[in-house]
Amino acid sequence: MLVREAMTSPVVTIPRTATVRQAIRVLHEHDITALPVVDGAGRLAGIVSEMDLLRGVFERDPRAFARPVATPANPPPRLVEEVMTREVETARPNTDVADLADTMMRTRIKSVPVVAEPGVVGIVSRRDLIAILARGDARIRDDVLAAIDEYGPGGRRWDVAVRDGAVELRGGADEPARRIAGILARTVPGVTHVSIQETTRGQS
C-alpha cells in the first residue's frame with residue numbers, strides 16, 4: 001500500500017505568520033493534532049503540533065498556590081513560526097506505507113506531511129494508519145477479490161480467506177499469476193500479510 005492511498009487529502013495547512021491562537025482554533029475546528037506550516041509560496045516550512053501550541057499559553061492560577069506566583073518575564077510565543085518544528089520528517093505519495101509506519105514508530109512522530117511539487121499534498125497521522133488496520137475482514141476480502149478480478153490475468157482463479165487482516169489466496173495458477181495476485185492483494189488497505197497456497201489437481 002502506498003502513502004497516497006492512506007493520506008488525508010486535501011490537507012489543512014497554516015501560514016507561518018499565523019498566530020498561535022489561530023492555529024489552536026484550526027486544530028480544534030478540524031479535530032486534528034498537527035498542521036503543516038507553509039510559506040508564502042505554499043512550500044512546507046515546518047509542522048506545528050498540539051504540544052507546540054500549548055507551550056506557555058496558560059498563566060498560573062494563584063488560587064492553586066499557597067504563596068504568590070511570579071509572573072513570567074517573557075510573554076508567551078505569539079506566532080506559529082516561533083513554536084513550529086522546522087526539521088520535518090516527510091513522505092512522498094509513492095512511499096510504501098510499511099516504511100512510513102516503521103519511521104513513525106522509530107521516531108515517535110505522530111503526523112507526517114506528504115510532499116510533491118509544488119507543495120504539501122497530504123498528511124498521514126497515526127489515526128490514518130489505525131483506520132486502515134480497523135477495516136473489517138469481509139470488506140478486505142471483497143476488495144482483494146475485486147482487485148484480482150479487475151487487474152489479474154485470466155479472471156478469478158482464487159479462493160480468498162481473510163483473518164485479522166492476513167490474506168490467504170488459494171487456487172491453481174502458474175508462477176506469474178501467483179506473483180501478480182499476491183501483489184494485488186498487498187495493495188488493498190488493511191492487508192497485513194499475504195500467503196499463497198497452490199491447489200493441485202485432485203484437491204477441492
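Leaving aside its neighbours within four places in sequence, which residues is D52 in contact with? They are I47, V83 and T85. The model discussed here is predicted. Its chain has 204 residues, of which 36% count as buried, and it contains 7 helices and 8 strands. Among the contacts with a separation of 6 or more, 57% are between residues 24 or more positions apart.

**D52 and its surroundings**

- D52 is a residue of helix α2, which covers residues 50–54.
- The relative accessibility of D52 is 6%, so the residue counts as buried, the cut-off being under 20%.
- The side chain of D52 comes to 2.9 Å from the backbone nitrogen of S49.
- D52 and E82 are 30 residues apart along the chain, and 9.5 Å separates their C-alpha atoms.

**Salt bridges**

- The structure has 6 salt bridges, among them the pairs R16 with E81, D31 with R127 and R135 with D143.
- In the pair R16 and E81, the closest N and O atoms are 3.1 Å apart. This bridge links distant parts of the chain, 65 residues apart: R16 sits in the loop between β1 (14–15) and α1 (20–30), and E81 sits in helix α3 (residues 80–83).
- R16 has a relative accessible area of 26% and is partly exposed; E81, with 25%, is also partly exposed.
- D31 and R127 meet through their side chains at 3.8 Å, N to O. The two residues are 96 apart in the chain, with D31 in the loop between α1 and β2 (34–38) and R127 in helix α5 (residues 126–133).
- D31 counts as exposed, its relative accessibility being 54%, where the cut-off for exposed is over 50%.
- R135 and D143 form a salt bridge with an N to O distance of 2.5 Å.
- R135 is buried, with a relative accessible area of 14%, whereas D143 counts as partly exposed at 28% relative accessibility.

**D128, a buried acid without a salt bridge**

- D128 belongs to helix α5.
- D128 is buried and has no salt bridge. The nearest side chain of opposite charge is that of R127, 7.0 Å away, which means that R127 falls outside the 4 Å limit for a salt bridge.
- The side chain of D128 does make a polar contact of 3.0 Å with the side chain of T8.
- A polar atom of the D128 side chain also lies 2.9 Å from the backbone nitrogen of S125.
- Leaving aside neighbours within four places in sequence, D128 is in contact with A6, T8 and I123.

**Helix α4**

- Helix α4 spans residues 97–107, and its buried residues include V97, L100, A101, T103 and M104.
- Seen down the helix axis, the buried residues of α4 fall within an arc of 160°, so they line one face of the helix.
- An α-helix has 3.6 residues a turn, so residues three or four places apart point the same way.
- The buried residues of α4 pack against three elements: β4 (111–116), β5 (119–125) and α5.
- M105 and R106 lie on the other side of α4 and are exposed.
- At the N-terminal end of α4, D96 acts as a cap, with a side-chain oxygen 2.8 Å from the backbone nitrogen of A98.
- Just after α4, R108 adopts a positive phi of about 65°.

**The sheet β1-β2-β3**

- An open sheet is formed by 3 strands in the order β1-β2-β3, with mixed pairing.
- β1 and β3 (44–49) stand at the edges with a single partner strand each, so one side of each has no neighbour in the sheet.
- β1 and β2 run parallel and are joined by 2 bridges.
- P15 stands opposite V38, a residue of β2.

Notes: Residues are numbered from 1 along each chain as its sequence is written. This is a predicted model: local features need pLDDT of at least 70, side-chain atom pairs count only at pLDDT 80 or more; totals for chains, interfaces and linings use all residues. Side-chain values use heavy atoms; hydrogens and water are left out. Helices (H or I, at least four residues) and strands (E, at least two) are DSSP runs, numbered from the N terminus. Buried means under 20% relative accessible area, exposed over 50%, partly exposed in between (1.4 Å probe, protein chains only). Lys and Arg count as positive and Asp and Glu as negative; His and the chain ends are not counted. A polar contact is a pair of N or O atoms within 3.5 Å; within protein, one must be able to donate a hydrogen and the other to accept it, and residues adjacent in sequence count only if both atoms are side-chain atoms. Contact means heavy atoms within 4.5 Å. The arc is that of the directions from the helix axis to the C-beta atoms. Two strands pair if DSSP finds at least two bridges between them.
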